[in-house]
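Trainee: Could we go through how the helices and chains pack here, and how each label is earned?
Mentor: Sure, have a look first.

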2 protein chains.
Amino acid sequence: MIGIGVDVGGSFTKIAATDGKKILRMFETPTITAKGKNYFIKNTASAIIRMASFFEGKKFSVVVGVAGDIDYQKGVARFCPNFLQWRNVKIAGPLKKLTGLSCRVENDANMAAWGAYSFELGKKYRNTAVITLGTGIGGGIILDGKLYRGANFCAGEIGHTKIVLDGEKCNCGMRGCLEAYAGCYGIVRRAKKEGLKVSDAASLNKAADLGDPAAKKIWQDTGYYLGVATANLCLLINPDAVVFSGGISKAHRHFMPSLRRVLKEQSVKSPFRRLKIKIAKSAHLGAIGSALFALEHE
Amino acid sequence: MIGIGVDVGGSFTKIAATDGKKILRMFETPTITAKGKNYFIKNTASAIIRMASFFEGKKFSVVVGVAGDIDYQKGVARFCPNFLQWRNVKIAGPLKKLTGLSCRVENDANMAAWGAYSFELGKKYRNTAVITLGTGIGGGIILDGKLYRGANFCAGEIGHTKIVLDGEKCNCGMRGCLEAYAGCYGIVRRAKKEGLKVSDAASLNKAADLGDPAAKKIWQDTGYYLGVATANLCLLINPDAVVFSGGISKAHRHFMPSLRRVLKEQSVKSPFRRLKIKIAKSAHLGAIGSALFALEHE
């Protein structure tokens, strides 16, 4: 049996295959949403078929990770914020039809969480929360060694927990969400307010690498905001480990010290005493997690 | 088999007994901490023995719910904020010795959560969070029909999640915790700042009942703060139901409308769409929950 994991990102779709022992193959292909839902599904199906073609004679289990509000039972993406705000896109059924393979759909951050728990941490920490730092901020929660989806499958939405009353505007429409401060656009917005000429988080990271004090301060503040939201999460679910993944986590050198300081300064000590804080090593946790999840939950 | 539940409160200890079908008996006795840990344990043991004496010839399973940081595996209260800040009090072992019965210790809010889930809601909502509103604010979480304790048994600490950056001082030593705004002392502090002559939450409730607009405003704000923290909890763990219990919940008429408004106004709709918000009916959920938990988890 081969697990195929598909991580549908805003620009690129990553595909990984595993036999459970190692990652056998990985490639990426552009995510095409501008031509409509049907074309998107067909394009995703071709990628899956291409991956399967490398493993002739094998059986397959496929999981597709998509950002948004996913009904994994019905195989439907109820809401995809990154894809023209699509609603109720049938994904699992059409993919199964087109590929002839068992296909399921899951939330992408949940799959990144499975990748962190199962692949990177070797299932050592039974209660693991993953915080995905990109344009948006997502989260996935593994409790007692199992993916915890919540009552209607949307647990882990740390990006939209409020950390500042009447704070900055978030892409979701609310004010003061973590994402509005520590999502890519929130970070760049704060940097621009301070007069920094940066277009994205990567250039801000570079500026901090080069020692720019204003850039370093923006990352320090980012760590503070992330620390507040992470502390709130730990007080509520008391995990063994929290893993930060996603593009923004590359700047960990600049934001982790202030993040750790927030956790260290908490008065209620117990949830933080043995807590492990990790930065994901792989940049492909979504695809890898999906592939392993497909295999381990066929 | 009879389940005996003991809820050790700051002033009074409530004791309940159940056969799993109904609550057979309940009484209360003063909580005596001023004479030291040994006396406290002896006093608690006498209450358990007294309760057991009503059910001659039966077998018993006893759970004692205590506020604080509880290691249920070792039977130790690592930290009891209400009891002279006691540390590492052995509870289960000494009680077993003194009573001759199987005794365990659990966090009191966790037991209130079990009471809400198992007793009041008839196990209808598999993912239920309980928020206990008193002098302090605690919480307990039932996930997939099981008590969720967390990595080192201190999940559910919603009272110390931060809702206001650099906000009001909390009893824990931090600033901006939910408890600093919506715990009894936080509510009274805000009322006094507004010039209201109230000594406790009950009198503030009374003032609002009589139509005092300033008192009503304090409760509205309380609902707002509770709403922000509850929304954060729902975004993270996406429960089926949230139950408010404890003394402050008696003022629900005054704080629930603004609390519900916060939940209704969220942009990320899914965690709130079918969410049930309830006020606990029983004032004895801690003792009842402990008794049922004792019976159901012997």
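**Helix and chain contacts**

Mentor: Start with α7(A) and α7(B): A:Asn232, A:Leu233, A:Leu236 and A:Ile237 of α7(A) touch B:Asn232, B:Leu233, B:Leu236 and B:Ile237 of α7(B). Keep in mind that this is a predicted model.

Trainee: What makes α7(A) roughly perpendicular to α7(B)?

Mentor: The two axes cross at roughly 75 degrees and come within 11 Å. Angles of 65 to 115 degrees count as roughly perpendicular, so that label fits α7(A) and α7(B).

Trainee: How do the residues of that contact divide into nonpolar, polar and charged?

Mentor: Six are nonpolar, two are polar and none is charged. Leu and Ile count as nonpolar, while Asn falls among the polar ones.

Trainee: And why are α1(A) and α2(A) called oblique to each other?

Mentor: Helix α1 (residues 37-53) and helix α2 (residues 92-99) of chain A pack at about 50 degrees, with axes 9 Å apart. Roughly parallel needs an angle under 35 degrees and roughly perpendicular needs 65 to 115, so this pair is oblique. Their crossing is right-handed, and their contact has seven nonpolar residues, two polar and one charged.

Trainee: How much area do chain B and chain A bury between them?

Mentor: About 3,600 Å², 57% of it on carbon and sulfur atoms. On the chain B side, B:Leu165, B:Leu236 and B:Asn238 lose the most area to chain A, together 18% of what that side buries.

Trainee: How many salt bridges does the rule find across that interface?

Mentor: Zero. A Lys or Arg side-chain nitrogen would have to lie within 4 Å of an Asp or Glu carboxyl oxygen.

Technical notes: Residues numbered from 1 in each chain as written. Chains lettered and ligands numbered in written order. Predicted model: local features only at pLDDT ≥ 70, side-chain atom pairs only at ≥ 80, totals over all residues. Heavy atoms only, no water. Axes fitted to C-alpha atoms, helices over the stretch in contact; angles between N-to-C directions. Helix = DSSP H or I, 4+ residues; strand = E, 2+ residues; numbered from the N terminus. Parallel < 35°, antiparallel > 145°, perpendicular 65-115°, else oblique. Left-handed = near helix turned anticlockwise from the far one by under 90°. Buried area = accessible area lost by both parts, 1.4 Å probe. Contact = heavy atoms within 4.5 Å.
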